[in-house]
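Q: Please take a close look at the lining of the second largest pocket, and then set the largest cavity beside it. I would like a connected account with the terms explained as they come up.

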Amino acid sequence: GTETEAGAVPIGADALAALGAESILLGGRRSENAEGTLLETVSGEVRLAEGVELELPELLLIARDRIALDDGARIAGLGDASSGDRVFLVNGDGALVRVSGGGFVDVERRNATGARGTIEVAEGAAVEAAGAMALDAEAGIRFDGELRVDDASLLVGAPRINLGDAPAEAEGFSVDAATLAVLNAAELRLRGRQGIDLYGDVRLGADTLVLDTPVLSGRGNTGDVTRIEARQFVLGNAGAGAGPGAAVSGGRLEVAAEDIRLGSGQYLIDGFDEVALNAGRTLLGRDEGQLHVAGDLELSAGAIGGERGATTRIVAGGEVAIAGGDAGVALDETAIGASLAIEGAGIHHSGRIVTPAGIVSLSAGGERGVTVADGALIDAAGVVRQFDTAQAFAPGGAVVLNAELGDVLVEG
């Protein structure tokens, strides 16, 4: 017998567990369409009172205004959950929490304004998933409880995400350095709709790491080195265009991954004097995207280019250094016809750029111009592909070297 607020519908945890359902949705209704699983929000608020514990193969909470877990509340997605969902489609503002023993399912929110929808997890509460967890809120997330996602997938969608030693007054979903050090998520997808801010000497890592945001900013990172490590790293922006970032602070951002993908949309890395994107195998553009970097930029990979038909523009406010190169790294046979444009105050290319039947443009706006070092490669040659008994030929592309104030120097 827990006292409830007027208009609230109390549901006992024991009654839910007794249903024996593989997946339970609280606060809404679900239906299937050709695009995915449509979640219709019917509740203004979903609240788990103090001491309530729900452990299911899959649990979804959805509300227009607020999802809250009080002190001592715990939800866990444990066990076999194979719903077959591809993507959850949600219309309008609101909040969603998913914990599951199954795999990752994306959350696509349409026609949202950011005016309502919060997640509030009190100190002493716990959210746990053995397979996948999603925390998505249009107006913000306050998470003071315990987050458990060992070797699981974690998706966070919020207006702003703060990583590292953010000040107490910082708005947004905050994860401090100590939590980052033990998070241990196998797949980490952070969707900061207004921005993702990195405070201090941040260490961020996962097997697969996806940052979806208009602005990735270093905040107060003077003298610090922020490191991001992953096997697969993707940076892009599925939302609105990039807005203002942080002033350059003197810090350095280093990304180290086996493969790096620069995805669609317009996005900015700001607040760092130096940014280094280092891929052991490939650094490729995907779809149509533009990356802007406020300071100097280092690009290093076995092969730099684009996926099939990609159009990628990389613009640095400072100098651009392109390095690496491994002839043993082969692009996928479908990686044909990509366009790659790299711009900076000056460009020094000593690496390996490969865009079969594509376009490569290196452009410098400063006096240092463009230098292509001895041994560097820019390959936009035509290709022949064999399909059963027939052959298809894609003609050679183009290479453009442009220096507005300086010289174009091709060594060797």
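A: In the lining of the second largest pocket, the largest share, 4 residues, comes from β15 (strands are DSSP runs of E of at least two residues, numbered from the N terminus). The model is predicted, with local features needing pLDDT of at least 70 and side-chain atom pairs pLDDT 80 or more, while totals for chains, interfaces and linings use all residues. Residues are numbered from 1 along each chain as its sequence is written, and side-chain values use heavy atoms, without hydrogens and water.

At least two lining residues of this pocket are supplied by each of β15 (140–143), β17 (153–164) and β18 (173–175). The lining comprises 23 residues, and those nearest the centre of the pocket are Phe143, Asp144, Gly172, Phe173 and Ser174. A pocket is an open set of points on a 1 Å grid over the protein atoms alone, with protein on both sides within 12 Å along at least five of seven lines, and lining residues have an atom within 4 Å of a point. The volume of the second largest pocket is about 610 Å³, and its lining divides into 11 nonpolar, 7 polar and 5 charged residues (Ala, Val, Leu, Ile, Met, Phe, Trp, Tyr, Cys and Pro count as nonpolar, Asp, Glu, Lys and Arg as charged, the others as polar).

The whole structure holds 1 cavity of 30 Å³ or more (a set of points where a 1.4 Å probe fits but cannot get out), and the largest cavity has a volume of about 50 Å³. Its lining has 11 nonpolar residues and no polar or charged ones, among them Leu147, Leu154, Phe173 and Leu204. β17, β18 and β19 (187–199) each give two or more residues to that lining, and the largest share, 3 residues, comes from β17.

Notes. Points joined across faces, edges and corners; volume = space filled by probe spheres on them.
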